[in-house]
Structure formats: C-alpha cells, structure tokens
Amino acid sequence: MSKVTVLGAGSWGTALSMVLCDNHLDVCLWTHRSEQKDLMQRTKKNERYLPNITLPDELVIEDHLEEAIDGADAVVIVVPTKAIRSLAKRMNAFLKHHPVIIHASKGIEPETHLRISEVIGSELSSYSADEIVALSGPSHAEEVGFKHPTTITAASQNKNNTLFTQDLFMTQYFRVYTSSDIIGVELGGALKNIIALGAGISDGLGYGDNAKAALITRGLAEITRLAADMGANPLTFNGLSGVGDLIVTCTSVHSRNWKAGHLLGQGYDIDDILAQLGMIVEGIRTTEAVHSLAKKQKVDMPITDGIYSAIFDNRSAKEIVDRLMARDRTNEMDDISSILSDRYSN
Ligand SMILES: NC(=O)C1=CN([C@@H]2O[C@H](COP(=O)(O)OP(=O)(O)OC[C@H]3O[C@@H](n4cnc5c(N)ncnc54)[C@H](O)[C@@H]3O)[C@@H](O)[C@H]2O)C=CC1
Ligand SMILES: O=C(CO)COP(=O)(O)O
C-alpha cells in the first residue's frame, strides 16, 4: 500500500487526505501545530477548518515533518503559498528518498513571480520544477468533504507523475484529468482568485448578475492574456483550472476570495476582513504579484489593476467599477485574436 503524506491541515489538506483514505492508501496528514494534532486526534474533527466532517479512523495525524515524509511514496503540499518556500526548504533537509511531489496550493510568489512548482523545484535540491505535479480545479474543500462530485486536473511536464497522481486521487466522487500544461493549470488556479475578489466586490456593492457575468468573462480574457504571455496554452483556460475554477470561485458561498471581496464591496477594511475570515485569502497576495508581473510583461489587466487599487491604495470599490466602465471603447475579440495569432503564426 502506498504511503501518501499531506502537508498542511487546513480545509483543503484535510479534504484531500479524506479522498486518499477513500482509496485505501496509507495517509498521513501533517500539521505544523501540535495543539491542532492533539485536537484532531481527540475529536476526529478539524473543527476550525472543516467543521461537520468526521475524519476517518485510519488517517494518521503527525506534527513532526521528518517523520511525516519518511518513507512516503508521494508528498502533497497544501499550505498557504506564503509558507511554501520555507516548508520546501525544511523538507529538503529531510528528504533522503525521491517521492513524487504534488502541490495543491494556488498562488504566485510576489517577490519572484514564480509559480508554486517553480518555488518548490528551486528549494528541493534533487528535484526540478518539471517533475512536480500541480493539482488544481473547481474544488471547494467543504463539498469534497461531503463527497460531492468534483473534477480536477493533475498537471506536470512529467507524464508518469501525472498518471500516478491521477491513480492516487481518482475515486467515484473525485474525477482527475491529466494535463501537460502546468503553466496554464497553475496560473488558472492562481489568477482566478483575483477575479473572485472582484466578483465579491460587485456583489457587495449590490450589483447584479449582469455585472458578475461581465467580470467573469472579461476576467477570463485578461487572465488568459497574461497566462498565454507566460507560455500557457490559452485553451487550458477553457478547462477545469480556467473557466471551471473561475465560475466556482466567483459564484460559491464557500469561496474565501469571494467573501473577502463581498466585505470590501460593503466598505469593510481589508485587515478587519482577514481577521474575521480566519482562513487564507490567496487572491490578495496574488493581486500584489500579478500587478507587478503584468507591468513587467506589458500585459493589460484592467480588472486586476482595479482590485489592486481597492486593496493596496484604499480606493473605494464604487470608484473602481466606475473606472472600469469608463475605459476606452474596444473590440471584444481583439485580445483573444492577438493571443491566437501570436501562438499560431509560426
Ligand atoms: N479550501 C479550498 O477549498 C481550497 C484551497 N486551495 C488552496 O490550498 C492552499 C491551502 O488552503 P486551505 O487549506 O484552504 O487554507 P486554510 O486557511 O483552510 O488553512 C491553512 C492551513 O495552513 C496552515 N499553515 C499556515 N502557515 C503554515 C506554515 N508556515 N507551515 C505549515 N502550515 C501552515 C494553517 O495552520 C492551516 O492548517 C491555498 O493555496 C488555497 O488556495 C485549493 C483548492 C481548494
Ligand atoms: O480554489 C478554490 C476552489 O477551487 C477555493 O477558493 P477560495 O480560496 O476562494 O475559497
């Protein structure tokens, strides 16, 4: 039986551990807080991050990193992206063997503009980013915890590792597709959080479905534009980790990014919002990263610019929407035509 270790006992790490347990794997869930380990062991619940779900008896909870990864055939990293680099650094000191490394976190490092697989690959001395697998798609932990049908994509340059990951996670209620476009899959998962903040802002301002559909559609156009510029296949954005994740995050009551945007739209202060939610809102850090990345790449991202102004320059949500609506007139298909002609002109 394969041993799979999940690093990060938040909502997503816990839900993914349960999927792996359903596949009768030997699953170890690691938390960096010993009090959380004790509580989860005692109550068989992860009350703070995934309430109302009972953890399987066979799930092993661990708080020692070295013991958690010892002998694992696969290690699944699911911590907030701000903790990825330091965790990978710690892992590097303990890794004596070569498990398949999978990550399910969604973001971009603001200081380097690196994707998560690139950050992990840069810290693990015996790995390259090309062999890391990203698992990403429309998948709220709360629904996976209830075993509601969910689809997701496992992406890597290493085909064997994507197929291995598909085997590990595929269950009756959790369907895993594979892809070789890890750039598109990782960027889709990261960038949709910015647009979800925007969808929340729009709802918080009391605007309706027309405004939200506009944000989702024009948001898709601008995140596809940046991703294609970074080397992604634009068609990946028609898939689960593109439009699929955009829809679920912009429209679901479970989304922390949507919730944070909703409160911003209602006029609350960002620090108060984060304290109130008590869970990671990746879109904030990703907005910071993408604001500077888009400037560097000279890619036009008006919605991202607006969200950045609302969060980091204290501009009112209403002013941001007015500014977006008053932009120069344009042809709807201009950007997608130029992406396709750049990609297929040679
Ligand atoms: N919650 C969800 O439905 C989904 C989340 N994700 C992604 O998964 C990643 C993790 O998110 P969640 O589990 O939702 O977060 P969460 O906010 O539910 O939990 C975060 C967890 O990370 C732990 N943590 C914080 N700093 C840490 C550190 N330095 N070292 C180790 N552990 C640390 C916390 O103790 C907590 O257990 C994020 O990048 C998120 O975008 C992806 C898909 C679905
Ligand atoms: O990525 C997610 C669903 O696919 C989770 O989104 P939130 O982080 O906004 O809750």
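I'll start with K106, which is buried, because 27 other C-beta atoms lie within 10 Å; the cut-off for buried is 20 or more. Before going on, note that this is a predicted model.

K106 is in the loop that runs between β5, residues 100–103, and α5, residues 116–123. Leaving out residues up to four places away in sequence, K106 touches S136, G189, A190, N193 and E282.

Why pick K106? The UniProt entry, which is unreviewed, gives the feature "binding site" to K106, and also to G137, S139, K192, D245, S255, R256 and N257. That annotation comes from the record.

Next on that list is G137. G137 sits in a loop too, between β6 (133–136) and α6 (141–145). Is G137 buried or exposed? It is buried, since 25 other C-beta atoms are within 10 Å. With residues up to four places away in sequence not counted, G137 touches T151, I152, T153, L240, S241, G244 and D245. One of those, D245, is also in the "binding site" feature.

Another of the residues touched by G137 is I152, so let me turn to that one. I152 belongs to strand β7, residues 150–155. I152 counts as buried because it has 27 C-beta neighbours inside 10 Å. Which residues is I152 in contact with, leaving aside neighbours within four places in sequence? They are L135, S136, G137, S139, V176 and L240. G137 and S139 from that set are both in the UniProt feature.

Last, a distance. I152 and E131 are 21 residues apart along the chain, and their C-alpha atoms are separated by 19 Å.

How values were computed. Residues are numbered from 1 along each chain as its sequence is written. Chains are lettered from A and ligands numbered from 1 in the order in which they are written. This is a predicted model: local features need pLDDT of at least 70, side-chain atom pairs count only at pLDDT 80 or more; totals for chains, interfaces and linings use all residues. Helices (H or I, at least four residues) and strands (E, at least two) are DSSP runs, numbered from the N terminus. A residue is buried if 20 or more other C-beta atoms lie within 10 Å of its own, exposed if 12 or fewer, and partly exposed in between; C-beta atoms are placed from the backbone. Two residues are in contact if their C-beta atoms, placed from the backbone, lie within 7 Å. UniProt positions are given in the numbering used here, feature names are shortened, and annotations may be inferred rather than shown by experiment.
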